[in-house]
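Here is a short briefing to read alongside the coordinates. Keep a viewer open and step through the topics in whatever order suits you.

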Number of protein chains: 4
Amino acid sequence: MAHATPSNPQGSKRLGLWLVGARGSISTCVAYGLAGLRAGALEPTGIATERDPFRRLGLRAFEDIVLGGHEISLGDLSRSAGDLVRHGVLTQDLVTSASSEAAALDARIRPGVLDVADVGRADLDPRSASLGGASPREKTDRLTEDLRAFREEHDLERVVVAYVASVEPWMDERPHWNELAAFERALESEGEFPASSLYAYAAFQAGAPFVNFTPNRGSSLPALRELARARRLPHCGNDGKTGETLLKTTLAPMFTARALRVLSWQGYNLLGNKDGESLSDPVRAQSKRRNKDAPLRSILDDETAHTRVEIDYVPSLHDWKTAWDFVHFEGFLGARMSLQFTWAGSDSALAAPLVLDLARLADFAAARGEVGEMEHTACYFKAPLAGGTHDFHRQFARLLDYAEQHGS
Amino acid sequence: MAHATPSNPQGSKRLGLWLVGARGSISTCVAYGLAGLRAGALEPTGIATERDPFRRLGLRAFEDIVLGGHEISLGDLSRSAGDLVRHGVLTQDLVTSASSEAAALDARIRPGVLDVADVGRADLDPRSASLGGASPREKTDRLTEDLRAFREEHDLERVVVAYVASVEPWMDERPHWNELAAFERALESEGEFPASSLYAYAAFQAGAPFVNFTPNRGSSLPALRELARARRLPHCGNDGKTGETLLKTTLAPMFTARALRVLSWQGYNLLGNKDGESLSDPVRAQSKRRNKDAPLRSILDDETAHTRVEIDYVPSLHDWKTAWDFVHFEGFLGARMSLQFTWAGSDSALAAPLVLDLARLADFAAARGEVGEMEHTACYFKAPLAGGTHDFHRQFARLLDYAEQHGS
Amino acid sequence: MAHATPSNPQGSKRLGLWLVGARGSISTCVAYGLAGLRAGALEPTGIATERDPFRRLGLRAFEDIVLGGHEISLGDLSRSAGDLVRHGVLTQDLVTSASSEAAALDARIRPGVLDVADVGRADLDPRSASLGGASPREKTDRLTEDLRAFREEHDLERVVVAYVASVEPWMDERPHWNELAAFERALESEGEFPASSLYAYAAFQAGAPFVNFTPNRGSSLPALRELARARRLPHCGNDGKTGETLLKTTLAPMFTARALRVLSWQGYNLLGNKDGESLSDPVRAQSKRRNKDAPLRSILDDETAHTRVEIDYVPSLHDWKTAWDFVHFEGFLGARMSLQFTWAGSDSALAAPLVLDLARLADFAAARGEVGEMEHTACYFKAPLAGGTHDFHRQFARLLDYAEQHGS
Amino acid sequence: MAHATPSNPQGSKRLGLWLVGARGSISTCVAYGLAGLRAGALEPTGIATERDPFRRLGLRAFEDIVLGGHEISLGDLSRSAGDLVRHGVLTQDLVTSASSEAAALDARIRPGVLDVADVGRADLDPRSASLGGASPREKTDRLTEDLRAFREEHDLERVVVAYVASVEPWMDERPHWNELAAFERALESEGEFPASSLYAYAAFQAGAPFVNFTPNRGSSLPALRELARARRLPHCGNDGKTGETLLKTTLAPMFTARALRVLSWQGYNLLGNKDGESLSDPVRAQSKRRNKDAPLRSILDDETAHTRVEIDYVPSLHDWKTAWDFVHFEGFLGARMSLQFTWAGSDSALAAPLVLDLARLADFAAARGEVGEMEHTACYFKAPLAGGTHDFHRQFARLLDYAEQHGS
């Protein structure tokens, strides 16, 4: 990642965190969680940047973060929160005490642009639906305008866009995604784009770093990587590493270190939330499944290993994703052994603190004038934009190095 | 670890590997495994030193390793091997094809000295039993003499002693263990010593590096650390990290890295072999249980975490130890989640390749003139002599550094 | 069980359910659950007697059950309920809507008598503490009087006493427990009794059937069985079969039916509630552990099977008990196989509906004039008073037969 | 099932057990297992009919069973046995000691007829392949002739055919399967038939009871049920209940009995043997998956329960099938709980003793003159021919009743 001269505006010390998918489960947890942190009602559990050595970086304080966002569905945050209370993710106490902050965020939420698969959904915000006929350029202009208005209205030093919307259907690569000039021509002429990439484009146009927490294309297109460099902005993604893949990339290096031969690694993911529902569509599941299998194969580095990732929709689990992995391996003397694990966690409560970490790190990188893929954030992603090892401990050591280097 | 001038004798290129507990399951797997490797009948699965970057160290070839050992029980290797065939650890084919090598090793096994708890066992070698009345000094002289005779008889460049005998009852510290002069005075005057420390003393007296794969005291006593430095010898231990603790020290850093709060970590170990039987004696289990709990507590670094390690003897499992760990943890918003894993592996097939790794690394360290605790081998042990982090990935990174630094 | 002539008083159709341990978790779930059922806010999930063929028995309607109870601790139900809300067992909505019913129950709770181990506890009701110096007879008189007053005050057709207090320390058998005359003499003369048996005595004296949901002695003493027969009352117990033992007694018969040989069955129970805390005292755990092991051994009927039950206190789990069982078994050709299961459930939410079932069945049995051990309820208990098979499916078939026979 | 007059021929007391798929893993285990039982080298573990009350039926002794069979692949039993030794199902000792019995069986194996999907396989017996052009009638004549020759050559009192071949592709119902006359007309005129049904037809023509251990159609076609009645023969099937489904049908009734509401039941089956390979073909997997799901749905009797059965091919497991089931259920107060289990067993060692049980029971039924579907064997099958409950314990109680009724 190249470095540019930092441009720290004077005056405001506040950061805007703009959530795409602003009433989804992750955003809801970010919003109530942030309110709880500010009120001292919550410990910063799960937020690595609140621990040393990251604390020494002087990252943006929770008090100085203002939330806003895009959303395509109708509703309000208290409804999403009610669901999460019913399923034991949020407490009623927190939801009650943070109701005015939630209402304020609701008021700042702007209609988003639809993805192909969203068209015709039941609960669509009519303002989002009515944008359906607009050209890609009109859409990005509108999104950029929302970001600028947010910055001005709240006198923010900087806005970071965090993309936490639903999984898009997989779309094969288009030639006009490969360079910025072609991309921008296609914007005018009805070219095809993943919605996530329109958001990334708009963010960069508005001078905002972009964090893509989903498997969607987002800012990973070569044209958008070019734009980020041109605008001297940092960005990171793709696909938050919150659960089974986190475990896989923690455990697989142990087998390699001990020269144990993994014969088969079967992973079964049971998801019950909107994400799980989307992924029960095989076309949408494709990108996710690939992101979950590739890190393992890369670490094992053995063509003969048999690996498989299944994602199943189990509605009763709601936000509590449950994964079972079975690892069959061979040791000395050809002895065949096994490891199996079951991981049961709240998808949103696992993701939300990582979104806060990444927003703060993107803010910090932008302040330092860092440009392009935030290589040091690889430990947060299943498919890190800057590539590199998938070994979680090596990735995290890289992040620690960054903190040691830049901490005061 | 200080460095001395290397003393590479000319002539023989052969290493003697002297196994204390020479007919136990681990030694049996070392012996048949080595034969299989030499015959090309086995892959070196589980032997990290056969992979890069360790291969570039030019470690001793399997062809150049000669086995010998001490043992207190009667019997022969083919009987131990029969047990391991019946329980699916060794194959009948390997045992049949290596029968003459096994018989040759049997002929080189010498009677060992008894530990307090061994007195009166049914299957004792009467030669070991008759040593019972000897003074500690007479015992160590006898053991040293066996090692010297082994070196001369087989024209060995060096002998490494690997201690793989049963777990001793825990013995509180004695003042005469703390410095060499007091230790040696007590040797003459009937002072109390763990048998494992007598073996370590004898090894150092014979100029042999010492590898302690058990939780026994071995060379960890200050007096013996002093002796190792005086004799300019490397040594390492204690307590091979082969299974549940390996997993714990791989997984626990992930929770710390993600700032997830471990509330409880319960570990249940089901063992069916001689080791399990020894450990069903609570006095013997004490050292093992401490070695299995301390690494976790050190990594979690949270006084409030509730941790527990149970070791239960389940005879039907024989060599197939099975562990279940349950980790209850808290994430963002106070959400409570869990991870559980079940590990099922052959204790001996997991340990044997590590013994081969360590013997080769101790040989290499001695050739380089390294003196004292082999700090770079910490990833092999539950309670590394040189201390340091218990985080498996950091420990292994340390070993990789060593290999990168000294490899050609 | 012998049959007496039924004695159905005219007038009131209401049943009093008197809970010993009235502010414990189970009672709290019974109280709020009953309120929810009456309000139509809850489905009768977990209450077998609400399904056919039991519905055809015409059991007491939820509307016609009045709660009361004994308790030795200070506090109120809303505090117990708050804990259960925080840990996801009760919902805040239910607790809020049932607050007046809870307050009414609080007002009906009377001070209980202490068990030996309760003396000196921090949160004791001083009225219970002050009873400490009373003679056993004075205590039973007091308890009986409370039951009678409850019946009269609320114009109840019948009172059933359900014992759901903490586990008592195990007490070896006393000669004066063996026949009623000796029991009653010892009541006058400071003989030793488990508190649970004093409650049972008092219940029978008050003409109330007694349900013992704990491993405590309760009404199982020969003297009290004699008293139940003399008073022509039904009773049942001991030790509710809610979780791991339920699974064991469901699964073990399958191994027997298939002639598979269970080599080892290890069961680990992780408990986090007050029950778990009591059981971390080995003396209290003794009765529970025996009750959890005996059914398995009785079903397997194989002296050589290795079985073990561990109970560990894991405070973070609170009410969510988690059990891991590992079954190692041998099939045809000596092939060794395994089954393992993990059960995670709310202890109180599992127990409470069984208490409701049993109270209704005891009421029905009393109405029919049944006398003595309620043999048909064996499927509810780890150590059924009337003995018989521990095979859950046979026990449940027995209950179905009873329902078919007596249903209209 | 109607009863006919028994027809016990005098003279020979030997039973012929004819295995279709005679060199598959199950048959190999039957053959070596029977040899081991006869030699007293094996315990009858897994063979329920060797225990009371079944022993009192006077079933055919193992000494009096002669094996033969059809097979479409080339090879010999010792090769199949070698595979099973390598994977720890059979011991080398047993295979060595039974080599002459295995060779004798090899000599009695006759070429089978191909299933559509078998055409073109690499290891086909050319005699089976050459039968490809024959008409269905020519095939059944040939099969019947083999059975008659077997009976005569070995002077057998009776022959039972046990079908243990691979899973066939699913074939939609044909009108000519529905009555015997149409079936027989179609035999002459190139109608389509599952190979398994041709074997069943041939068995009945030869006067042999038929046991179908696979999900294939076998004797379940109405036309063949008619033929069995006409020939006054007993038969049973389909699809042996050996593992995950056995557990499901043991556990699911517990949830029903306790009025616990199963929200989701996900079952994942990892298979590594030839069966697993066949089932990685979705068309073949269809019948198996249905047979594994239907029993659960039938027991739960709740339309809203979410159930799923996955079958994955994991070659490294070879014969050791591993299944993970996750049950999410709701208890009282809406509390959500879970049960998960992992079952790891040798597919063949689980199946073989059931084949022996069924062969003996079919022999006994034929001797008693029982005709048609052997209703009392339902506990052995995932899709019992006679229907009825899938609750394993009820099914087994039915079998016990049969034994009590007919035992001496």
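The notes below cover chain symmetry, domains, helix packing and some backbone details.

This is a predicted model. Chain D can be laid on chain C by a turn of 180 degrees, and chain A on chain B likewise by a turn of 180 degrees. Within the chains, two helix crossings are worth a look: α1(D) with α13(D), and α6(A) with α7(A).

**Symmetry of chains C and D**

- Superposing chain D on chain C takes a turn of 180 degrees with a shift of 0.0 Å along the axis, and leaves an RMSD of 0.0 Å.
- Such an operation is the relation of a two-fold axis.
- If you want a landmark in chain D, go to D:Phe341: its C-alpha is the one nearest the axis, at 2.0 Å.
- Both copies use the same surface, since 100% of the contact residues of chain D recur in chain C.

**Symmetry of chains A and B**

- For chain A on chain B, the RMSD is 0.1 Å after a turn of 180 degrees and a shift of 0.0 Å along the axis.
- The landmark in chain A is A:Phe341, whose C-alpha is nearest the axis at 2.0 Å.
- Of the interface residues of chain A, 100% are also interface residues in chain B, so the copies meet through the same surface.

**Domains of chain A**

- The domain assignment splits chain A into domain 1, made of 14-240 + 349-406, and domain 2, made of 244-346.
- Taken over C-alpha atoms, the centres of domain 1 and domain 2 of chain A are 26 Å apart.
- Domain 1 of chain A gives 25 residues to the contact, and domain 2 of chain A gives 27 residues.

**Helix packing in chain D**

- Helix α1 (residues 25-38) and helix α13 (residues 347-367) of chain D pack at about 65 degrees, with 8 Å between their axes.
- Angles of 65 to 115 degrees count as roughly perpendicular, and α1(D) and α13(D) are therefore roughly perpendicular to each other.
- The crossing of α1(D) and α13(D) is right-handed.
- On the α1(D) side the contact is made by D:Ser25, D:Ile26, D:Cys29, D:Val30, D:Leu34 and D:Leu37.
- On the α13(D) side it is made by D:Ser348, D:Ala349, D:Ala351, D:Ala352, D:Val355 and D:Leu356.
- Sorted by class, the contact of α1(D) with α13(D) holds 10 nonpolar and two polar residues, and no charged residues.

**Helix packing in chain A**

- In chain A, the axes of helix α6 (residues 136-153) and helix α7 (residues 180-188) come within 6 Å and cross at roughly 100 degrees.
- That angle makes α6(A) and α7(A) roughly perpendicular to each other.
- A:Pro136, A:Arg137 and A:Thr140 of α6(A) meet A:Glu184, A:Ala186, A:Leu187 and A:Glu188 of α7(A).
- By class, the contact of α6(A) with α7(A) has three nonpolar, one polar and three charged residues.

**Backbone details to check**

- In chain B, the peptide bond from B:Gly237 to B:Asn238 is cis, with omega near -15 degrees.
- B:Asn238 sits in the loop between β6 (234-236) and α10 (244-257) of chain B.
- In chain A, A:Asp239 is not a glycine, yet it has a positive phi of about 75 degrees.
- A:Asp239 is found in the loop between β6 (234-236) and α10 (244-257) of chain A.
- In chain C, C:Asp52 and C:Pro53 are joined by a cis peptide bond with omega about 0 degrees.
- The loop between α1 (25-38) and β2 (65-71) of chain C holds C:Pro53.

Key
Residues numbered from 1 in each chain as written. Chains lettered and ligands numbered in written order. Predicted model: local features only at pLDDT ≥ 70, side-chain atom pairs only at ≥ 80, totals over all residues. Heavy atoms only, no water. Least-squares fit on C-alpha atoms with pLDDT ≥ 70 in both. Contact = heavy atoms within 4.5 Å. Axes fitted to C-alpha atoms, helices over the stretch in contact; angles between N-to-C directions. Helix = DSSP H or I, 4+ residues; strand = E, 2+ residues; numbered from the N terminus. Parallel < 35°, antiparallel > 145°, perpendicular 65-115°, else oblique. Left-handed = near helix turned anticlockwise from the far one by under 90°. Nonpolar A, V, L, I, M, F, W, Y, C, P; charged D, E, K, R; others polar. Domains from an automatic or database assignment.
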